[in-house]
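This report looks at selected local features of one protein chain, taking two individual residues and one helix pair in turn. The sequence and the structure are shown below.

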Amino acid sequence: MTTDVTIIGAGLGGLTLARVLHLHGIPATVYEAEPSPTARSQGGLLDIHDYNGQLAIQAADLIDEFGAIVLDGRQAMRILDTDGTVLFDKSDDGTGGRPEVQRGELRQILLDSLPPGTVRWGRKVTRTRVLGEGRHEVVFADGRSVVTGLLVGADGAWSRVRPLLTAAEPAYTGRSVVETYLYDAATRHPATAKAVGAGSMMVPAPHREIFVHRERDDTLHAYAGLSVPQDWFAAVDFSDPAAAAARIAAEFAGWAPELTALITATDTAPALRPLHALPAGTRWDRVPGVTLLGDAAHLAAPNGEGANLAMLDGAELGRALAARPGDTEAALAAYEQAMFERALEFAETPGSDPGESTVHDLVAAFTRHEQP
């Protein structure tokens, strides 16, 4: 089977690319390893920025659909000390440039904007190979394969397309987060809900932190971060959720109980999320017929920009291809040059650890940002 534009990965970046190509009359097929759009939870809240993510949504002509899923009030931000003292508290007055949406809802409006059959579900890539003259073969776990004149890896951190372009691989950043959820928080966990406030809350400390989003339906979605070697977690029995929660909470001993409850009172099993990143500034020489976007191209430690950059990558790649219908290689070269520079601008400094700064340093930074 031969296709013109083959996109691997139905995440936000790959779907944005497919949507922009569709608007310009360019057919594309998206192959996704997950068996269906609802096969797993799509994560929590995303703040979509007016300087990158929203530009991609405009390019996809989905700004009205986006506005319909924005959660009012969620741009509020609090920073607390470990004893629960509120040190910074900014309300959401509706003028901020980073409205919050649920990742799954954003993905759904992209899926709904594509022609039926654009996404092929249950197609896990096992290998890719070069055929020459800019053509590539993609082989799937079910034995099927496609040959394509343009292959785009939008397949995330552990991309199967990336090795066609670079030997760079993600490395552990030295930090991991443990993900938890508290449901019906105002009723069942009122002290914790009050501490979090209307939007997001951060509690930084040396080499550990808690970050929380207030999601739809009064759900608190929390991440307890620890800067420890990856093998430290081998001693934590995540098959026993209560024991795992207690072990992680022990690393926050002395913190206010309404904060540690985000770990110990979780309604879901604590989920370990090791954080990996590609070397900052990863780039490659132009290889005919293939490119990358999003985490496949520039995976970084979480900094609030990943989803936004992936969507902008998809939009910019789509527009570059549409602007040069007779010269795909020129389009890819222009896209990659801009993407490399954009990714480097937002990359976290290698080896940096936000926990090394004091909570007062963070408050000072936020306060400076809020000044006219």
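## Thr 148 and its polar contacts

In this predicted model, Thr 148 is placed in strand E10, which spans residues 145-153. Thr 148 counts as buried because its relative accessibility is 1%, and the cut-off for that class is under 20%.

The side chain of Thr 148 takes part in a polar contact of 3.0 Å with the side chain of Thr 6. The Thr 148 side chain also reaches the backbone oxygen of Asp 4, at 3.5 Å.

## Glu 34 in a loop

Glu 34 belongs to the loop that runs between strand E2 (29-31) and strand E3 (45-47). With a relative accessible area of 12%, Glu 34 is buried.

Leaving aside residues up to four places away in sequence, Glu 34 touches Ala 39, Arg 40, Gln 42, Arg 107, Trp 121 and Gly 122. One of these, Arg 107, is also among the H4 residues that are met by residues of H1.

## The pairing of H1 with H4

Helix H1 (residues 12-23) and helix H4 (residues 103-112) have axes that come within 9 Å and cross at roughly 25°. Since angles under 35 degrees count as roughly parallel, the two helices H1 and H4 are therefore described as roughly parallel to each other, and H1 passes H4 in a left-handed crossing.

On the H1 side, Leu 12, Leu 15 and Thr 16 meet Arg 103, Leu 106, Arg 107, Leu 110 and Leu 111 of H4. Sorted by class, this contact of H1 with H4 comprises 5 nonpolar, 1 polar and 2 charged residues.

How values were computed: Residues numbered from 1 in each chain as written. Predicted model: local features only at pLDDT ≥ 70, side-chain atom pairs only at ≥ 80, totals over all residues. Heavy atoms only, no water. Axes fitted to C-alpha atoms, helices over the stretch in contact; angles between N-to-C directions. Helix = DSSP H or I, 4+ residues; strand = E, 2+ residues; numbered from the N terminus. Parallel < 35°, antiparallel > 145°, perpendicular 65-115°, else oblique. Left-handed = near helix turned anticlockwise from the far one by under 90°. Contact = heavy atoms within 4.5 Å. Nonpolar A, V, L, I, M, F, W, Y, C, P; charged D, E, K, R; others polar. Buried < 20%, exposed > 50% of the residue type's maximum accessible area, 1.4 Å probe, protein only. Polar contact = N/O pair within 3.5 Å; in protein donor to acceptor, adjacent residues only side chain to side chain.
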